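Biologist: I am new to this structure and would like a close look at a single part of it, the open sheet, together with what surrounds it. Could you take me through that part slowly, in one connected account?

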Amino acid sequence: MASPKVEQLRATPLFAELTEEHLERLAKHTEPLHLDPDEYLIREGDPAEDLYVVVAGELEITKRSGKADVYLNRVGPGSIQGEIAGLERGQRMASVRAVGQVDVLRIPYAALGDLLASGPEAVLALIRTITGRLRGMEEAVRQREKLAGLGTLAAGLAHELNNPAAAIRRSAGSLAEAIRQRNEAASAIVTGDARLATLLRAKPSDAGVTLEALTRADRVDEIAAALREAGLPDAADPDEAAGMLVAAGWTATDIRSAAAGFAPAEVEAAVRWLASVATADELLAEIQMAADRISAIVGAVKGYAYLDQAPVQRFNVCRGIDDTLLILAHKLTGITVTRDYAPDLPEIEGWGSELNQVWTNLLDNAADAMGGKGEISIQVVRTDAGGVDVTICDSGPGIPPATLSKIFEPFFTTKPLGMGTGLGLHLSHNIVVQHGGTLDVESAPGRTCFEVVLPPTLPAVAAG
């Protein structure tokens with residue numbers, strides 16, 4: 001009669017096809033373990049040395065993504081845990097904890113190696129289990145990666161939209177005060193008087209002109225002198241008034257023309273009128289700029305997601321990169337971004353929103369690698385085949401040669417635990433390949449470049 005350990009191993013799909021001899025051989029090396037509720041069997045990031053067979057109870061599997069634990073699966077008796085990292089002898093790829101009371105069998109890696117050497121049946125069974133586990137884990141984390149990408153975009157949009165929205169609120173409040181001051185100044189001048197009509201017609205000669213510091217200082221002195229000549233009361237500060245007027249583009253000649261015919265007692269009211277009108281105009285310009293900024297951001301989001309467009313269309317790759325840069329502007333603060341787009345770039349066929357995920361991953365990774373300081377250069381040229389070649393380089397520390405060949409593998413990441421799922425570059429690689437293109441990387445200390453080459457049209461299989 002078979003021992004309890006043999007029966008427990010036989011109930012595991014991984015070992016179900018093994019002979020009685022193989023099961024007895026493996027059972028000799030197993031060790032029973034008991035877990036209390038919420039006790040961890042495996043912690044993500046720990047070195048992998050053993051694998052485990054669940055005998056009784058349930059285990060919950062999670063993977064760290066950012067500050068959250070992503071739920072992957074819940075398994076019960078007969079399941080096996082830790083075989084992927086155990087075979088690779090690397091780090092645990094996920095955490096496993098007990099849900100209630102749990103009993104498991106611990107199988108040392110050495111015993112597993114001995115089993116695999118015993119025949120092809122064990123090898124094939126293990127391959128089937130690992131393949132299924134990887135597919136399930138990748139799909140779960142893929143969905144989390146998409147949600148994380150949406151979170152990154154949402155954070156960027158909130159930051160980018162908050163600035164112009166705050167500017168509009170601030171300027172609108174100040175505009176009301178400027179209008180009140182203008183009305184007070186107007187009440188000091190006889191309504192319908194020709195002098196008020198003169199003020200209404202007066203316009204600054206250099207509105208919108210940026211002056212050098214020395215020129216600005218000279219002009220403040222000139223306008224202050226013109227205000228004194230016009231009879232500005234001693235109690236008023238001509239230099240302060242002159243500073244406001246210079247900022248609005250007024251010259252000494254403009255002031256003398258506008259103040260002509262005013263009695264000295266009315267000059268102060270006239271100056272306050274001109275200053276309040278200049279302030280109102282400036283605030284209106286700020287509101288317009290902020291509104292234009294919001295409109296540009298909304299347009300970028302619409303372009304980024306290719307809303308109201310067919311899933312497959314012809315598009316300009318540079319537009320997608322520009323939209324991505326605008327949305328990620330908050331992440332790129334402190335980083336110098338240079339763009340070099342060839343003038344003869346063609347439109348290509350594909351899924352524009354999918355490729356925008358590629359640009360997002362590459363730019364986001366570059367910003368992280370540089371710690372928010374450095375340079376990113378983007379070059380786009382036409383290929384001989386009529387497609388486009390996009391190269392994105394950063395001035396970060398580079399990728400170690402030992403890990404460079406693994407960066408497109410699923411779940412592989414060079415970021416600290418919880419800072420990356422290890423799927424961003426893997427998904428990016430798959431998207432580019434789906435377009436019939438290639439994604440390559442070269443790295444050295446101080447310079448890492450990702451090159452995306454895309455054909456002019458989709459492959460027949462993908463397009464169909």
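Modeller: One term is needed before we begin: two residues are in contact, or touch, when heavy atoms of theirs lie within 4.5 Å. The model is a predicted one, and its mean pLDDT is 76, with 70% of the residues reaching 70 or more. Over residues 416–421 the pLDDT is below 50, although this stretch has 13 contacts in the model beyond near neighbours in sequence. The protein has 464 residues, of which 42% count as buried, and its chain forms 15 helices and 13 strands. Among contacts between residues at least 6 apart in sequence, 74% join residues at least 24 apart.

The part you ask about is an open sheet of five strands, in which the order is 8-10-11-13-12 and the pairing is mixed. Strand 8 (335–341) and strand 12 (438–444) stand at the edges, and because each has a single partner strand, one side of each is left without a neighbour in the sheet. From one strand to the next, the twist averages 10°.

Let us cross the sheet from the edge at strand 8. Strand 8 pairs with strand 10 in the parallel sense, over seven bridges, and within this pair threonine 338 stands opposite serine 377 in strand 10. Strand 10 (residues 374–382) then pairs with strand 11 (residues 388–394), here in the antiparallel sense and again over seven bridges. Two opposite pairs help to place these strands against each other: isoleucine 378 stands opposite isoleucine 392 in strand 11, while arginine 382 stands opposite valine 388 in strand 11. Strand 10 and strand 11 form a hairpin with five residues between them, and in its turn glycine 386 has a positive phi of about 90°.

Helix 11 (residues 317–327) packs on the sheet and touches strand 8, strand 10 and strand 11, and its direction makes about 170° with that of strand 8.

Within strand 11, isoleucine 392 deserves a pause. Is isoleucine 392 buried or exposed? Its relative accessibility is 4%, and since buried means under 20%, isoleucine 392 counts as buried. Leaving aside residues up to four places away in sequence, isoleucine 392 touches Ile376, Ser377 and Ile378, as well as Trp359, Leu362, Leu363, Thr448, Cys449 and Phe450. Ser377, which is among these contacts of isoleucine 392, is also the residue that threonine 338 stands opposite. Isoleucine 392 and threonine 338 themselves are 54 residues apart in sequence, yet their C-alpha atoms are 10.0 Å apart in space.

At the other edge of the sheet, strand 12 and strand 13 (residues 447–454) pair in the antiparallel sense over seven bridges. Threonine 438 stands opposite valine 453 in strand 13. These strands also form a hairpin, with two residues between them, and there glycine 446 takes a positive phi near 95°.

Just ahead of this edge strand in the numbering we can look at helix 14 (residues 424–434), whose buried residues are Gly424, Leu425, His426, Leu427, Ser428, Ile431 and Val432. Just after helix 14, glycine 436 takes a positive phi of about 80°.

For comparison, it helps to look at a helix elsewhere in the chain. The 18 residues of helix 7 (residues 213–230) should span 26 Å at 1.5 Å a residue, and its end C-alpha atoms are 26 Å apart, which agrees. The buried residues of helix 7 are Arg219, Val220, Ile223, Ala224, Ala226 and Leu227. Seen down the axis of helix 7, these buried residues fall within an arc of 160°, so they line one face of the helix. The face turned away from that buried side carries the exposed residues Leu214, Asp221 and Glu229. Just after helix 7, glycine 231 takes a positive phi of about 100°.

Several glycines with a positive phi have now been named, among them glycine 386 and glycine 446. Most residues other than glycine have a negative phi. Aspartate 38, however, is a residue other than glycine with a positive phi, near 70°. Aspartate 38 lies in the loop between strand 1 (31–35) and strand 2 (40–42), and at 52% relative accessibility it counts as exposed.

Note on methods
Residues numbered from 1 in each chain as written. Predicted model: local features only at pLDDT ≥ 70, side-chain atom pairs only at ≥ 80, totals over all residues. Heavy atoms only, no water. pLDDT = per-residue confidence, 0-100. Pairing = 2+ DSSP bridges. Helix = DSSP H or I, 4+ residues; strand = E, 2+ residues; numbered from the N terminus. Axes fitted to C-alpha atoms, helices over the stretch in contact; angles between N-to-C directions. Expected span 1.5 Å × (residues − 1). Buried < 20%, exposed > 50% of the residue type's maximum accessible area, 1.4 Å probe, protein only. Arc of directions from axis to C-beta.
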